[in-house]
Amino acid sequence: MAKNPVISTGARSAERRDLVCRGGGPSTSLRFARDEGVGRRALLKAAVLVTPLLPFGARVVSAAPPAEAVTPALVEAARKEGKVTYYTAMDLSVAEPLAKAFEAKYPGIKVAVERTGAERLFNRIAQENASNIRRADVVNSSDAAHFISWKRQGWLEPYVTVEIAENVPAAERDPDGSFTNQRTHLSAIAYNTSLIKPEDAPKGFIDLLDPKYAGKLVKGHPGYSGTIMTATQQTARELGWGYFEKLAKQRVMQLQSATDTPKKIALGERAIMVDGAGYLVIQGKEKGEPVEIVYPTEGTPLATSPSAILKAAPNPNAARLFFSWMHSREAQQLLVDAARQYSPHSQTVEKPGVRKLTEIKLMKEDPATVERTADEIKTRYAKIFGV
């Protein structure tokens, strides 16, 4: 992408599919586990063979581009495009208000939010590249390993804003500027306080193996959710796959997304959440739902959730403007205040009483290992739980 903010684009054909997945019930939620028989690496290989995006001998980006500010010229060019398409694994209850806030700030630019689980999102982008479909402008995934793969394929457009350069630590962004962490969230344990007394609640993962919790647990699946993929890798590393073999004997309800499990315990359909989006539990508690979050004694899995501009974005100016805004203090503070997620932006302020990340025992995220072993994790998990 050129430094000049005004980028002209030719007409691009796009095949529209419904990417929004609001989560199925127990009878429909396990079809995703097989990933239609296609593995992560196979999809990427197919995409590259069919539509190679980097010609042989192409220059490899080795340093981040200069940081850019939002200019009137960029805003005007974005308004001429009139639209930005945002692929995300973020819950719609969070993504849609953010989109509305952007539209209010920049009238005339519509945000098309297309939400699905991170693993499906990953497969979708590979399939679209293989078919030469150019639909997405900005992508956000709850599996940081995806950005390692996308960067390697040459599918991401390096872009750094002045605000990112000044307020986001280097550890929270790609050194070549290909992606930046948009939000950090935790995959915690939680329970329904109407069904479980505080003194009877689990304190950690090992406690979940107690026979008294059999038939009371609900869990996400790494074949669909990036958060659960990340959490599964961390938990297996710390506790061993034998832990999951024991957990599988507890008659665990399996759902698709990390955003589904908090909703199940809030409704009282299950008493305890093994893993899932902790920020939704916090939101629910603040709304008066009978839920309580538990940060496991063994450590809480942590997932960063980067975002990036796609190199083949059909609306490149709107993409840059939306990406810039999403990483601004304004948008990041909305994530903190309304979404109850952790921001990498140094100028955001937590609400009083909120547990800081430094106050919580955390498991270490390892996107490189997840990227390398994702198919193995999904296969092993499916075999253990029979899904």
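**Close-up 1. What the buried side of helix α12 packs against in this predicted model.** The buried residues of α12 meet α3, β5 (180–186), α10 and α11. Those buried residues are Ala 331, Gln 332, Gln 333, Leu 335, Val 336 and Ala 339. Follow the chain just past the end of α12 and you come to Arg 340, which takes a positive phi of about 65°.

**Close-up 2. The crossing of helices α2 and α11.** Here α2 (residues 72–81) packs on α11 (residues 316–326) at an angle of about 120°, and the two axes lie 7 Å apart. That angle makes α2 oblique to α11. The crossing of this pair is left-handed. On the α2 side, look for Leu 74, Val 75, Ala 77, Ala 78 and Glu 81; on the α11 side, the contact is made by Pro 316, Asn 317, Ala 318, Arg 320 and Leu 321. Sorted by character, the residues of this contact comprise seven nonpolar, one polar and two charged.

**Close-up 3. The largest nonpolar core.** This core holds 36 residues, and the members that touch the most others are Phe 102, Val 111, Val 138, Leu 321 and Phe 322. Two or more residues each come from α2, β1 (83–88), α3 (92–105), β2 (110–115), α10 (278–286), α11 and α12 (329–339). Helix α11 gives the largest share, with seven residues. As general background, nonpolar side chains in soluble globular proteins tend to be buried together.

**Close-up 4. The surroundings of Val 138, and a second core.** Which residues are in contact with Val 138, once its neighbours within four places in sequence are left aside? They are Val 84, Thr 85, Tyr 86 and Tyr 87, together with Ala 308, Ile 309, Ala 319, Phe 322 and Phe 323. Apart from the largest core lies another, of 27 residues, and among them are Leu 208, Phe 244, Val 252 and Val 294.

**Close-up 5. Asn 167 in helix α6.** Helix α6 spans residues 162–167 and includes Asn 167. Is this asparagine, Asn 167, buried or exposed? Asn 167 counts as buried because its relative accessible area is 13%, under the 20% cut-off. Not counting residues up to four places away in sequence, Asn 167 touches Pro 344, His 345, Ser 346 and Gln 347. For a handy distance to check in your viewer, take Asn 167 and His 327: they are 160 residues apart in sequence, and their C-alpha atoms are 9.5 Å apart in space.

Notes: Residues are numbered from 1 along each chain as its sequence is written. This is a predicted model: local features need pLDDT of at least 70, side-chain atom pairs count only at pLDDT 80 or more; totals for chains, interfaces and linings use all residues. Side-chain values use heavy atoms; hydrogens and water are left out. Axes are lines fitted to C-alpha atoms, for helices over the stretch in contact, and angles run from 0 to 180 degrees between N-to-C directions. Helices (H or I, at least four residues) and strands (E, at least two) are DSSP runs, numbered from the N terminus. Angles under 35 degrees count as roughly parallel, over 145 as roughly antiparallel, 65 to 115 as roughly perpendicular and the rest as oblique. A crossing is left-handed if the near helix is turned anticlockwise from the far one by less than a right angle, and right-handed if clockwise. Contact means heavy atoms within 4.5 Å. Ala, Val, Leu, Ile, Met, Phe, Trp, Tyr, Cys and Pro count as nonpolar, Asp, Glu, Lys and Arg as charged, and the others, Gly among them, as polar. A nonpolar core is a set of buried Ala, Val, Leu, Ile, Met, Phe, Trp, Tyr and Cys residues joined through side-chain atoms within 4.5 Å. Buried means under 20% relative accessible area, exposed over 50%, partly exposed in between (1.4 Å probe, protein chains only).
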